[in-house]
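Welcome! Have a look at the structure below, then work through the exercises at your own pace.

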Amino acid sequence: MANAIEARGLVKEFDGFRAVDGVDIAIPEGSIYGILGPNGAGKTTMLRTLLGIIDPDDGERYLLGSDNPLSQSRLVGYLPEERGLYQSMRAVDTIAFMGALRGLPLKEGREKGRELLENAGLGHAADKQIKQLSKGMAQTVQLMGTIVHNPRLIVLDEPFSGLDALNQAKLERMIRAQAERGVTVIFSTHVIAHAERLCESIAIIAQGKISFDGLVKTARDRLRPQVHLETETSDGPWRKALPGGIEAEGNWWHFELPESGVEPLLTALVEGKAGVRSLSIERPGLHDAFVAIAGETVAAEMGEGSEIEAGEIL
Amino acid sequence: MIEVLRAAYVIGRRDYMAIIMSKAFIFFLLGPLFPLIVGVAAGLLGGSVAEDADRPVVGIALSAQDADLLVAAREKLGTQLGDRTFPEIKLLATSAGSEPLNAKNFLKDKEEGLTLILTGSLDNPKLTGTAGALARWQGEIGLLLGHALQGNSVKIPTIMQETIAESSGDSKKARVATGQIAQVLLFMLTTLLAGMVLSNLVEEKSNKIIEILAASIPMDSVFLGKLFAMLAMALTGVLVWVTVGVTGFMIWGGDLPPLPEPAIGWPLFFTLGALYFAMAYLMLGSLFLGIGAMAATVREVQTLSMPVTMAQLMVFFFAMYTVTKLGQPIEQAAAIFPFSSPFAMIARAAQVETLWHHGVAIFGQIMFAILTLRISVVLFRRNVMKSGSGGKKEGVQRRKLFGVIPVGR
């Protein structure tokens, strides 16, 4: 499968600070791809560099096969992190204008703009000026402008920020719908839950470096499933089946599932008369994988946002 | 290249429509009225002040007969030469009295407010006053006295008049004036517009739409579109002004006054005027966009644009200074230096018939405007978009400055 985006040794410095530090990345076409990282990790700079908005200080980049990203502009839709619209422009004209920037004739852009707004339940806002719309509606209009020209690649920088739960859900549906049409969707986020729900593949970026680039499943599989066990007894021959060095928390034991698997563990617990009161085996989430990959420090930097979002979903 | 122009058209169209539909355009249309109103008011006020200040009163201390003759001469010659040609006359009581008049004391009396005092007789007059007043008015008063001495019998024939647009005697002077007026108009319009381009770019940066533009089209297109949108707006404004002016003149003004025709004729002069306006604006506009490129905030833009505006003013004065120095090295320098060239060349068009100079000048100005624009784009990408060196590939920098990044499928 061809890559929508490919970069090798990408470097971008600002006044001696390396915002992007030797990034190697390959994003396959047709996938939903998440770029995860804390605020200030270099996500936006990396995306800007990959899209040709800014030039790298070193390295190579290919966008839809071209080393001149702007030459592919008509095939790309981009929603920047800092939303910007002409306040006096009508919603439908805004969409048409954004399409026109990418080569779509204005008339066609207006027709498609109305259609997109109707589908999003915002048909009534088509002829209103942007300044008359709510923030969420304006963001939706900008999103429509990002996709109006039917791009092959959509890049969304922190698309969920500033949206309420309902609009976040709408956006997730839109991303899935685009992916079903074969469009590559790349989005950056510092909220792991969105990536976990939407993405097939992710890159984890911290301090300008890519710590992981691959399938979400691969990231998760880096961690062993977690076992949470409650026993009646605190010692016995069954203890040999548990990993060494773990301590009980009351009657509870928390440990990674041994590589031998579930069956030998169960057998040892039963035959060793551990008195199993409760046993659960959890597959690790992306958050756990992220913590493991990017390190505790970076995970801490991500703050409570991810916790709250994760809570909303689970 | 076609794609760059297409994208520039998209930007230009949006900007043009946004400006035309905005309140700012109304203010732009009304803009010339303000200096006009201020100018007329200042002129009237200044004229009135000057009139009052320059209207001396001469005290006449002559015999009654001489005084009557002098007053009659004042009235007659005032009608012929204009009332303001001569000072006011005030007959002093002493003129009929027996006591000799002390002119010096009279002139010191503030209540009388006299500038000069005429004593003696018509054939033996004596004028008393300050040296300045005497030098200024002795000729006119002498003329009045001479006329009075003739008994006001000099017959002044009625002169039949025929008006022509110009004569060889005053044509050179009139063409210089035409050139200067054209320079002033070009400068005012150019400065006004270039400032508006700067505001427009700053607004774009502050409303954060610039990133969408930068991700979609080359920055050359953004800058080109903005420049030409403003130029189109200016031409629309000029069209409105001309239409209003001509309509107003047709309704209230009657015939246009005969104007001295420029050396190359009016149609070519107007065409070149429009071209030089476009060139002056494109060069200054590109420069201002470059300033916008170097500044990150509105305050920085204001700080940076002030010295440039002052420098532009000096360039304009430089061009104005050379209007009367046609063909001299300093005038040629003004014609060659890009920022003064449009002003110097329009003045030249008013005075010299040669046309090929203009072709060369316009070509040079276009090249310089393109260069300025390219530098502004590179600066913008580097300073505002924080773009880098473009990798270590050889020749990349050269391509960025002089080439256009191809865009398209």
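**Exercise 1.** How far apart do the C-alpha centres of domain 1 of chain A and domain 2 of chain A lie?

*Solution.* Keep in mind that this is a predicted model. Begin with the bounds: the domain assignment of chain A places domain 1 at 3-220 and domain 2 at 224-282. Next, take the C-alpha centre of each domain; the two centres are 46 Å apart. To set the scene, the C-alpha atoms of chain A fill a box of roughly 80 × 45 × 35 Å along the principal axes.

**Exercise 2.** Describe how helix 4 and helix 6 of chain B pack.

*Solution.* Two packed helices are described by the angle between their axes and the distance between the axes. Here, helix 4 (residues 64-81) and helix 6 (residues 131-149) of chain B meet at about 110 degrees, and their axes are 8 Å apart. Angles of 65 to 115 degrees count as roughly perpendicular, so helix 4 of chain B is roughly perpendicular to helix 6 of chain B. Now find the contact: helix 4 of chain B brings B:L69, B:L70, B:A73, B:R74 and B:L77, while helix 6 of chain B brings B:L143, B:L144, B:L145, B:H147 and B:A148. Sorting these residues gives eight nonpolar, one polar and one charged.

**Exercise 3.** Why is helix 13 of chain B largely enclosed by the rest of the structure?

*Solution.* Look for buried residues in helix 13 of chain B; among them are B:F343, B:M345, B:I346 and B:R348. Then count: 10 of the 11 residues of this helix (residues 341-351) are buried, so helix 13 of chain B is largely enclosed by the rest of the structure.

How values were computed. Residues are numbered from 1 along each chain as its sequence is written. Chains are lettered from A and ligands numbered from 1 in the order in which they are written. This is a predicted model: local features need pLDDT of at least 70, side-chain atom pairs count only at pLDDT 80 or more; totals for chains, interfaces and linings use all residues. A residue is buried if 20 or more other C-beta atoms lie within 10 Å of its own, exposed if 12 or fewer, and partly exposed in between; C-beta atoms are placed from the backbone. Helices (H or I, at least four residues) and strands (E, at least two) are DSSP runs, numbered from the N terminus. Domain bounds come from an automatic or database domain assignment. Axes are lines fitted to C-alpha atoms, for helices over the stretch in contact, and angles run from 0 to 180 degrees between N-to-C directions. Angles under 35 degrees count as roughly parallel, over 145 as roughly antiparallel, 65 to 115 as roughly perpendicular and the rest as oblique. Two residues are in contact if their C-beta atoms, placed from the backbone, lie within 7 Å. Ala, Val, Leu, Ile, Met, Phe, Trp, Tyr, Cys and Pro count as nonpolar, Asp, Glu, Lys and Arg as charged, and the others, Gly among them, as polar.
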